[in-house]
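Subject: Structure handover and what was found in it

Dear colleague,

I am handing over the structure below, together with an account of what was found when it was examined. Please read the notes alongside the coordinates.

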Amino acid sequence: MTMNDEELEQLSELEELSEAEAAEETKESGDSEEAAETEVEESPEEKHAVEAAVLKDQLLRTMAEYDNFRKRTVREKEALRADIITNVTSDFLPVMDNLLRALEAPCTDENYKNGVQMIFDSFMATLGKLGVEEIESDGAVFDPSLHQAVQRVEDDSLESGTVAKTFAKGYKINDKVIRFAMVAVVN
């Protein structure tokens, strides 16, 4: 159920009234209604019109509250999903590190090495589906919000403040870091 522009405009106009103004208007209308009842009885059409206006106001406010609740719930779900993925992924990162070490180790059996490579590729594809990305490190400019410097090195071929070597890859989901990349930085 969505509101059209006219209803949204009416709702925003109603919300712009401060509580004091609303209370004052209610008091004044109550006083004028009592005076009108003592002087002249309201016609049934006028009573129905006032009642319809009150009900429409209540409906518009209820629709706005529901719309805000729905949007807030969606935001909370997305945040919770990211937190769950972060927690579970951080538990699997040591397994990924061991797979990388296995791929880098010398091996005479090509079938064995291909099998480990397939497991690693499958693992990376699954992480990609979850929105997990590898943090760029080798050759990148050192960024303390993404990298953790564990060593300083001298290297004339690279600019100062550049990542020279990565000891452990870092990962993030959207803008949230799951694990910082542990790197060596050029002085």
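K169 has a relative accessible area of 27% and is therefore partly exposed, since buried would require a value under 20% and exposed one over 50%. Please keep in mind throughout that this is a predicted model. The side chain of K169 meets that of E134 in a salt bridge, with N and O 3.5 Å apart. This pair joins distant parts of the chain, because E134 belongs to strand 1 whereas K169 sits in the loop between strand 3 (163-168) and strand 4 (171-173), 35 residues apart. E134, at 38% relative accessibility, likewise counts as partly exposed.

Salt bridges

By the distance rule applied here, the count comes to 6 salt bridges. Side chains of opposite charge can pair when their charged atoms come close. One of these bridges is formed by D83 and K176, whose closest N and O atoms are 2.6 Å apart. It too links distant parts of the chain, with D83 in helix 3 and K176 in strand 5 (residues 176-179), 93 residues apart. Both partners are partly exposed, D83 with a relative accessible area of 32% and K176 at 37%.

A salt bridge within one helix is that of D67 with R70, where the closest N and O atoms are 2.5 Å apart; these two residues both lie in helix 3, 3 residues apart, which is about one turn of the helix. R70 counts as partly exposed, its relative accessibility being 39%. Through shared partners, salt bridges join D67, R70 and K71 into one network.

Overall layout and confidence

The protein chain has 4 helices and 6 strands, and along the sequence these follow the pattern α-α-α-α-β-β-β-β-β-β. Of its 187 residues, 22% count as buried. Among the contacts with a separation of 6 or more, 61% are between residues 24 or more positions apart.

As to confidence, the mean pLDDT of the protein chain is 84, and 79% of its residues reach 70 or more. Among the elements, helix 2 (residues 19-39) has the lowest mean pLDDT, at 53, while strand 6 (residues 181-186) has the highest, at 95. Where pLDDT is low, the predicted coordinates should not be read in detail.

Helix 4

Does the length of helix 4 agree or disagree with what its 20 residues should span? At 1.5 Å a residue, residues 110-129 should span 28 Å, and the end C-alpha atoms are 28 Å apart, so the two agree. The buried residues of this helix are V116, F120, F123 and L127. They cover an arc of only 60° around the axis, which means that they lie on the same side of helix 4. On the other side of the helix, N111, M118 and K129 are exposed. What covers the buried residues of helix 4 includes helix 3 (44-104) and strand 1 (132-134).

The ends of helix 4 can be described as well. At the N-terminal end, D109 acts as a cap, with a side-chain oxygen that lies 3.3 Å from the backbone nitrogen of N111. Helix 4 is followed by G131, a residue whose phi is positive, near 90°.

I85 and its surroundings

I85 is found in helix 3, and its relative accessible area of 8% is under 20%, so this residue is buried. Leaving aside residues up to four places away in sequence, I85 touches L130, V132 and I173. The C-alpha atoms of I85 and G131 are separated by 8.8 Å, although the two residues are 46 residues apart along the chain.

A residue with positive phi

Finally, N174 may be worth a look on the display, as it has a positive phi of about 55° although it is not a glycine. N174 is found in the loop between strand 4 and strand 5. Is this residue buried or exposed? At 56% relative accessibility, N174 is over the 50% cut-off and therefore counts as exposed.

With best regards

Key:
Residues are numbered from 1 along each chain as its sequence is written. This is a predicted model: local features need pLDDT of at least 70, side-chain atom pairs count only at pLDDT 80 or more; totals for chains, interfaces and linings use all residues. Side-chain values use heavy atoms; hydrogens and water are left out. The expected span of a helix is 1.5 Å times one less than its number of residues. Buried means under 20% relative accessible area, exposed over 50%, partly exposed in between (1.4 Å probe, protein chains only). The arc is that of the directions from the helix axis to the C-beta atoms. Contact means heavy atoms within 4.5 Å. A polar contact is a pair of N or O atoms within 3.5 Å; within protein, one must be able to donate a hydrogen and the other to accept it, and residues adjacent in sequence count only if both atoms are side-chain atoms. pLDDT is the predictor's confidence in each residue, from 0 to 100. A salt bridge is a side-chain nitrogen of Lys or Arg within 4 Å of a carboxyl oxygen of Asp or Glu.
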